Amino acid sequence: MVYSLKGSKPCTTTLFPIPYFLFPSAKRYICLGDGSIDLAGFSSVCHKRERLYKIGLINRVMNMANLAVLEQTVASMFNPQVVAPPAGEVVEELLAWEKLAKREKMPYGFEQLSGAWRLCWIAGEKQGRSLNLTQMRLAQTLLRLIPIQLVYRPLADLEGIDREKFEAGEVENRIQIGLFTLVVFGPAKRLKSNSLLAFDFTTMQIKFFDKVLFSTLIRNGENRNARFYGAPIRELAFFNYFLVQDNLIAARGRGGGLALWGHSGR
């Protein structure tokens, strides 16, 4: 028998032992990918704890619980009435997903990143040390006041590239300040060997609403545009995406920082 968990309230009890010291949010959420769980099959293995761990059922429930925390974080950026989870808990959940992605090697395509994504959470590095919780909370406050968006566009018809090695596209970063928007954009590519997404910002624009007031190539942009798709990854900025969903994405940057974005349109 399959019981739906969609729309259920946060759970305070569980059917099996969970190591809460690893995933504190698992105490409050049970949320499977399809919104349901086979309780009959579940109960048949509950008496054998070691078998439960081996088949990975606990990992599945806990990992989806982590997604609920990240979804709440994204929702709090778009809706002021939604309370964001504690900063430390969000970091723990991002690290848990990153660890899972390294173990499971979950692939994604450039098409899955297509569209606009609002930056909802950052946990960066400062002089080699992680930002503390106070600094992270300050960063989230600034992100609410100054929206920052990434926009990805796949270029499936681009000629003269090695399609066996990577997928080509464009990336745009928008920073909105009042009625003005600062935009930097340039080429991007997703490496098929390790799923890194490399990019380079080569053009800058200033817009008033949708009208371009100023546009220029930056940092020898014309030359960097020409050689981007042949450049080695060690010369480029990149994101290592470890979580790609319809409504949110998360990655670690080349500098070591973590970031979480929420989908904001096509």
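**Exercise 1. In which loop is Arg219 found?** Then work out whether Arg219 is buried or exposed, and look at its phi.

*Solution.* This is a predicted model, so keep that in mind as you go.
- Step 1: go to the loop between β11 and α7 (221-227); that's where Arg219 is found.
- Step 2: check its cover. The relative accessible area of Arg219 is 58%, and exposed means over 50%, so Arg219 counts as exposed.
- Step 3: look at the backbone. Arg219 has a phi near 50°, a positive value in a residue other than glycine. For context, most residues other than glycine have a negative phi.

**Exercise 2. Find Phe209 and describe its setting and its phi.**

*Solution.*
- Step 1: Phe209 sits in the loop that links β10 (203-208) and β11 (211-217).
- Step 2: its phi is near 55°, again positive and again in a residue that isn't glycine.
- Step 3: Phe209 counts as exposed because its relative accessibility is 53%, with the cut-off being over 50%.

**Exercise 3. Take helix α4 apart: how many residues does α4 have, and how far does it reach?** Then list its buried residues and say what comes just after it.

*Solution.*
- Step 1: α4 has 18 residues and runs over residues 87-104.
- Step 2: from first C-alpha to last, α4 reaches 26 Å, close to the 26 Å expected at 1.5 Å a residue.
- Step 3: the buried residues of α4 include Ala87, Val90, Val91, Leu94 and Trp97, and also Glu89, Glu93 and Glu98.
- Step 4: just past the helix, Lys105 takes a positive phi of about 55°.

**Exercise 4. Map the nonpolar cores, starting with the largest: which residues have the most contacts inside it?**

*Solution.*
- Step 1: the largest core has 44 residues, and Trp121, Tyr152, Leu197, Tyr241 and Trp261 have the most contacts inside it.
- Step 2: helix α4 gives the most to this core, with 7 residues.
- Step 3: apart from the largest core lies another one, of 10 residues, including Ile161, Leu196, Tyr229 and Leu236.
- Step 4: zoom in on Trp121. Setting aside residues up to four places away in sequence, Trp121 touches Ala87, Val90, Val91 and Leu94, among others. Its partners also include Met136, Leu143, Leu258 and Leu260.
- Step 5: a bit of background fits here: in soluble globular proteins, nonpolar side chains tend to be buried together.

**Exercise 5. Two charged residues in strands: are Arg190 and Glu172 buried or exposed?** Name their polar partners too.

*Solution.*
- Step 1: place them. Arg190 is in strand β8 (residues 180-191), and Glu172 is in strand β7 (residues 166-177).
- Step 2: apply the cut-off, under 20% for buried. Arg190 has 8% relative accessibility, so it is buried. Glu172 has a relative accessible area of 7%, so Glu172 is buried too.
- Step 3: find the polar contacts. The side chains of Arg190 and Glu167 are joined by one of 2.6 Å. The side chain of Glu172 makes polar contacts with those of Arg153 (3.0 Å) and Arg174 (2.5 Å).
- Step 4: fill in the surroundings. Beyond its neighbours within four places in sequence, Arg190 is in contact with Tyr108, Phe110, Phe166 and Leu197, among others. On the same terms, the contacts of Glu172 include Leu150, Val151, Val183 and Phe185.

Definitions and conventions. Residues are numbered from 1 along each chain as its sequence is written. This is a predicted model: local features need pLDDT of at least 70, side-chain atom pairs count only at pLDDT 80 or more; totals for chains, interfaces and linings use all residues. Side-chain values use heavy atoms; hydrogens and water are left out. A nonpolar core is a set of buried Ala, Val, Leu, Ile, Met, Phe, Trp, Tyr and Cys residues joined through side-chain atoms within 4.5 Å. Buried means under 20% relative accessible area, exposed over 50%, partly exposed in between (1.4 Å probe, protein chains only). Helices (H or I, at least four residues) and strands (E, at least two) are DSSP runs, numbered from the N terminus. Contact means heavy atoms within 4.5 Å. A polar contact is a pair of N or O atoms within 3.5 Å; within protein, one must be able to donate a hydrogen and the other to accept it, and residues adjacent in sequence count only if both atoms are side-chain atoms. The expected span of a helix is 1.5 Å times one less than its number of residues.
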